[in-house]
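Visitor: Could you take me through one part of this model at close range? I'd like to start with the overall layout and then zoom in.

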Amino acid sequence: MLLPAKAEVARQLRRYRAWERVMLAAPNDRTVRTTFEDSGYTLCVLMGKRCAREAADAAERYLRTNHVTYLQEQQITCLQEQHITCAQEPNERSRPAAAVRRRPSAAERRSPASERRSTAGR
């Protein structure tokens, strides 16, 4: 897995935290909010996360540790998330797949061949 340069991660994390403080001071300012969201998006892309808070946490962990430790932590986190997802799947399926099928309508049941036979006798 490719990892970003620590200097770039530190720079983007500082930018995100600075805009976070400004946004909390002026939450109704659209320009500030847009810039804050842009900095969060950049951090998400850099850290490979879907949420800006997760990306900021991941960036802080990445800056505290070395590459190998960070990758090991990420692998453990992914395995835990997969385990949680797999454990939740059976509960989400309330009905078996066979019960979900619908009966085709009368128009769908008619084949083109049967329609040709019925109009040929007229």
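Visitor: In what order do the elements of the chain run from the N terminus on? After that, at what angle do helix 1 and helix 2 pack?

Guide: Happily! This is a predicted model, in which local features need pLDDT of at least 70 and side-chain atom pairs pLDDT 80 or more, while totals for chains, interfaces and linings use all residues. Residues are numbered from 1 along each chain as its sequence is written, and side-chain values use heavy atoms, leaving out hydrogens and water.

From the N terminus on, the order is α-α-α-α-α-α-α: seven helices and zero strands (DSSP runs, H or I of at least four residues for helices, E of at least two for strands).

Now to your pair. Helix 1 spans residues 6-25 and helix 2 residues 30-47; they pack at about 150°, with axes 9 Å apart (lines fitted to C-alpha atoms over the stretch in contact, with angles from 0 to 180 degrees between N-to-C directions). Helix 1 is therefore roughly antiparallel to helix 2 (over 145 degrees). Their crossing is left-handed (the near helix is turned anticlockwise from the far one by less than a right angle).

Where they meet (heavy atoms within 4.5 Å), helix 1 contributes residues including Val9, Leu13, Tyr16 and Trp19, and helix 2 residues including Val32, Phe36, Leu43 and Leu46. By class, this contact has eleven nonpolar, five polar and five charged residues (charged being Asp, Glu, Lys and Arg; Gly counts as polar).

Stepping back, 50% of the chain's contacts with a separation of 6 or more link residues 24 or more positions apart.

Technical notes: Angles under 35 degrees count as roughly parallel, over 145 as roughly antiparallel, 65 to 115 as roughly perpendicular and the rest as oblique.
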